[in-house]
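Me: I am new to this structure and would like to understand the reasons behind the words used for it. Could we go through them one at a time, setting each value against its cut-off?

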Amino acid sequence: MRKPERFRRFLDYFINNFPEPKTELQYGNPYELIVAVVLSAQCTDKRVNLVMPALLEQFPTPYQLAAASAEEIFPFIRSVSYPNNKAKHLAGLGRMLVNDFGGEVPSTIEELQRLPGVGRKTANVVVSVIYNQPAMAVDTHVFRVSHRLGLVNRTATTPLAVEKELLRYTPEEVVAKAHHWLILHGRYICVARQPKCGICPLTDCCRYYEVNFATAPSRPLPPPAANDLL
Ligand code: SF4
């Protein structure tokens, strides 16, 4: 199957079955989302959702966060991964939001990437979820599922290369949704260690399935791994 057909089949399935996907992070405004996304690096959304209420009660706006030290933030996020680094990032993020952006979360990828703890993936999530821009954030799920399905070439070995290929073939109006579809599919069906192909609705357009099961290959392909995904 050619790549455009795989895309069409993948998009048609989700457009018809999950037309309004949402991030599983809980947030009420752009400030809360960017804090949650910073905390979610290498951590589950479930864990982040657990720590957010107490964190936001103590630091409800960028102004309270800007006035806090990393040591004061740490106890509220000690159960997420890399709490020391993230506490430092949040303290710096609060200060920069207040000092450089008037207490508002900026709306461009370039400005967002100036914030401590905010890489390209986080910036893409914010502009996509908050500002409805056609940005594709590539996390470990998006990277893995795109490769398994065959939506990207095997030569796309970095998150940026995957992002560019996905954007090339995804209609602009569904880019933000496609990001969520790939994440949810990777989280619940096309899981990292053992993809649940037996219950997957995309076997007829999946490159991994085609190579490993449909044509009875002599040597199964290993699942791709993503490195340095922030
Ligand atoms: S068929 Fe298997 S490998 Fe392909 S997308 Fe579905 S779960 Fe993943």
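Me: Where is Leu 167 found, and why is Leu 167 called partly exposed?

Reply: In this predicted model, Leu 167 has its place in helix α10. Leu 167 has 14 other C-beta atoms within 10 Å, and since a residue is buried at 20 or more such neighbours and exposed at 12 or fewer, with partly exposed in between, the count of 14 makes Leu 167 partly exposed.

Me: Which residues is Leu 167 in contact with, leaving aside its neighbours within four places in sequence?

Reply: With those neighbours left aside, Leu 167 is in contact with Met 136 and Val 175, where contact asks for C-beta atoms that lie within 7 Å. As for another residue, Ala 178 is eleven residues apart from Leu 167 along the chain, and the C-alpha atoms of the two are separated by 9.9 Å.

Me: What makes Pro 171 count as buried or exposed?

Reply: Pro 171, which sits in the loop between α10 (159–169) and α11 (175–188), has 10 other C-beta atoms within 10 Å. Exposed applies at 12 or fewer, and therefore Pro 171 is exposed. The C-alpha atoms of Pro 171 and Glu 24 are separated by 23 Å, with their places 147 residues apart along the chain.

Me: How do you know whether Phe 143 is buried or exposed?

Reply: Phe 143 belongs to helix α9 and has 26 other C-beta atoms within 10 Å; as the cut-off for buried is 20 or more, Phe 143 is buried. Its C-alpha atom and that of Leu 33, 110 residues apart along the chain, are separated by 22 Å.

Me: What makes it right to say that α9 is mostly covered?

Reply: Nine of the ten residues of α9 are buried, among them His 141, Arg 144, Ser 146 and Leu 149. The buried residues of α9 pack against α1 (3–17), α10, α11 and α12. Just after α9 comes Gly 150, with a positive phi of about 90°.

Me: Which helices supply at least two residues each to the shell around the ligand?

Reply: They are α9 (140–149) and α12 (207–214). There are 13 residues around the ligand, and Cys 190, Pro 195, Cys 197, Cys 200 and Cys 206 come nearest. By class, the shell has ten nonpolar, one polar and two charged residues.

Me: Why can the buried residues of α5 be said to line one face of the helix?

Reply: The buried residues of helix α5 (residues 70–77) are Ile 73, Phe 76 and Ile 77. Seen down the axis of α5, these residues fall within an arc of 85°, so they line one face of the helix. An α-helix has 3.6 residues a turn, so residues three or four places apart point the same way. The buried residues of α5 pack against α2, α3 (45–58) and α6 (83–101).

Me: What is notable about phi in Gln 42 and Tyr 82?

Reply: Most residues other than glycine have a negative phi. Gln 42, however, has a positive phi of about 60° although it is not a glycine, and Tyr 82, also a residue other than glycine, has a positive phi near 50°. Gln 42 lies in the loop between α2 and α3, while Tyr 82 is in the loop between α5 and α6.

Me: Why are Gln 42 and Tyr 82 called partly exposed?

Reply: Gln 42 has 13 other C-beta atoms within 10 Å, and Tyr 82 has 15 C-beta neighbours inside 10 Å. Partly exposed lies between 12 or fewer and 20 or more, so the term fits Gln 42 and also Tyr 82.

Me: Which residues have the most contacts inside the largest nonpolar core?

Reply: Within this core of 59 residues, they are Ile 34, Val 38, Leu 90 and Val 126. Helix α2 (residues 30–40) gives the largest share of the core, eight residues, and the core draws at least three residues from each of domain 1 (3–20 + 137–214) and domain 2 (30–129). Leaving aside its neighbours within four places in sequence, Ile 34 is in contact with Val 105 and Val 126.

Me: How many residues of the two domains are in contact?

Reply: Six residues of domain 1 are in contact with four residues of domain 2. The side of domain 1 that touches domain 2 has four nonpolar, one polar and one charged residues, and the centres of the two domains, taken over C-alpha atoms, are 28 Å apart.

Note on methods: Residues numbered from 1 in each chain as written. Predicted model: local features only at pLDDT ≥ 70, side-chain atom pairs only at ≥ 80, totals over all residues. Domains from an automatic or database assignment. Nonpolar A, V, L, I, M, F, W, Y, C, P; charged D, E, K, R; others polar. Near = placed C-beta within 6 Å. Helix = DSSP H or I, 4+ residues; strand = E, 2+ residues; numbered from the N terminus. Core = buried A, V, L, I, M, F, W, Y, C linked by C-beta atoms within 7 Å. Arc of directions from axis to C-beta.
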